[in-house]
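Colleague: Could you walk me through how to read strand pairing and helix packing in a model?

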Amino acid sequence: MGKMSTSINHYLSDNRRFSDLFNGIFFQGKSVIHAENLQEASQVYHEVMGETGRSRGRKERIRDICKQLKTGGILRVLALENQELTDYTMPFRCMQYDVMEYGKQLDELKKKNRQENHLATMAEKICGLKRTDRIIPVYTICLYHGEERWDGPRSLSDMMVFGDSEDSFKKNFKDYPMQLYCLNEAKDLQIFHTEVGMLFQALQYRKDRAGLKQLLQQDCRYRQLDADTLETMSVMLDMPSIWGERKKYMEKDNENREVYNMCQAVREWAEEERSIGADERTHAVVRNMLMRDMADEVIMAIAECDQEVIDEIRKHYNLIKGSL
C-alpha cells in the first residue's frame with residue numbers, strides 16, 4: 001500500500017469522518033449515520049486455498065476500513081476500499097470482500113448452532129442454519145483518490161464479454177454494481193459536513209498550485225485545520241515540508257485548541273519554490289559563463305550574484321579559473 005493510501009486510510013478511520021463520508025455518498029449529506037453508533041469490525045478474512053498436508057492452507061485478505069453500524073437494533077457492516085490507481089478487477093474485488101464477510105457470518109452462525117444444539121429439522125442440520133437465521137448486510141464504497149481518470153470497470157458486467165451482437169443471455173445476467181466515488185469527478189462537495197470535504201476540495205487542485213493557493217485564500221476554514229487534516233493534506237498534496245514545519249503555522253482558536261494555518265503554509269511553500277527555481281536558474285547561468293571562461297566581474301554583473309556564489313559553483317564543477 002502506498003503512503004497516500006495509508007494516510008487516507010488512517011484519516012478516514014475516524015468514526016466522525018467515516019460517517020460523514022458515507023452520509024455524503026449514500027444519502028447526499030443527510031445525517032443518517034451517526035459516529036456514536038459505529039464500532040470497529042474485523043478487517044481480516046481467511047480464504048481457504050486447499051489442502052496442504054494434514055491442514056488446509058489459508059490466505060489472509062484485509063479490507064482497508066471496516067466498521068459495524070448499530071441503529072434501532074439493526075446491525076450493518078460498512079466497509080471502505082481506497083484506491084490510488086485504477087484496478088481493473090475492482091468490481092470483483094469488492095464483491096469478493098462482501099462474499100467473504102457473508103461467509104464469515106454464516107460460519108459463525110453454523111458454529112454457534114451446532115455448539116448449542118439449536119438445529120431441529122433435517123434441512124437445518126444439513127446446512128447448519130436455522131430457518132429463522134439471518135445475516136448482516138454489507139455496504140462497500142470504493143474511494144478513488146488518484147489523479148488520472150478512472151478508466152476501469154464500474155460493475156461486474158463491465159468485466160464480462162457478452163458478444164458483439166445483442167446477447168439474449170445478457171438480460172438474465174445478475175450484475176454486481178460497485179459503489180465507486182472518484183474524487184477527480186466529484187462536483188458537489190457540499191454533501192460533506194466535516195473537514196473531509198475540505199480535504200477532497202484541496203485534492204482537486206493537485207495539478208494546479210495557483211488554483212490551490214486561491215482556494216486556501218478564499219476559504220477561511222483552511223486557516224484553522226486540525227493536525228490530522230494538515231498531515232493528510234501534506235501527504236496527499238506531496239508537500240511534506242508543510243507538516244515538517246507545522247509549528248510555524250500553529251495558532252490557537254477561540255476554544256484554545258491547536259489549529260494550523262494552511263493558507264500561510266502554502267504561501268510560504270510557494271515563495272520557497274520560487275526561490276529555489278530562481279537559485280537554480282542563477283546556478284545554470286553562472287556555470288555556463290564559467291565554462292566560457294568569462295571574467296568573474298562580468299558574471300557578477302550579469303547574474304546579479306556575489307563572488308562567493310561563483311567560487312562555490314566553480315568548486316562544485318571542478319572548474320579552474322582561466323583554464324579555457
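Modeller: Sure. Two strands pair if DSSP finds at least two bridges between them; strands (E, at least two residues) and helices (H or I, at least four) are DSSP runs, numbered from the N terminus. Here strand 6 and strand 7 (residues 180-182) pair in the parallel sense over 3 bridges, with tyrosine 144 bridged to cysteine 182 of strand 7.

Modeller: Before we go on, this is a predicted model, so to speak with its own filters: local features need pLDDT of at least 70, side-chain atom pairs count only at pLDDT 80 or more, and totals for chains, interfaces and linings use all residues. Residues are numbered from 1 along each chain as its sequence is written, and side-chain values use heavy atoms, leaving out hydrogens and water.

Colleague: How many bridges join strand 5 to strand 6?

Modeller: There are 7, and strand 5 (residues 74-83) runs parallel to strand 6. One pairing puts leucine 80 opposite isoleucine 141 of strand 6.

Colleague: Is strand 6 enclosed or open?

Modeller: Buried means under 20% relative accessible area, exposed over 50%, partly exposed in between (1.4 Å probe, protein chains only). In strand 6 (residues 138-144), 6 of the 7 residues are buried, so the strand is largely enclosed by the rest of the structure.

Colleague: And at what angle do helix 1 and helix 5 pack?

Modeller: Axes are lines fitted to C-alpha atoms, for helices over the stretch in contact, and angles run from 0 to 180 degrees between N-to-C directions. Helix 1 (residues 3-12) and helix 5 (residues 195-203) pack at about 160°, axes 12 Å apart.
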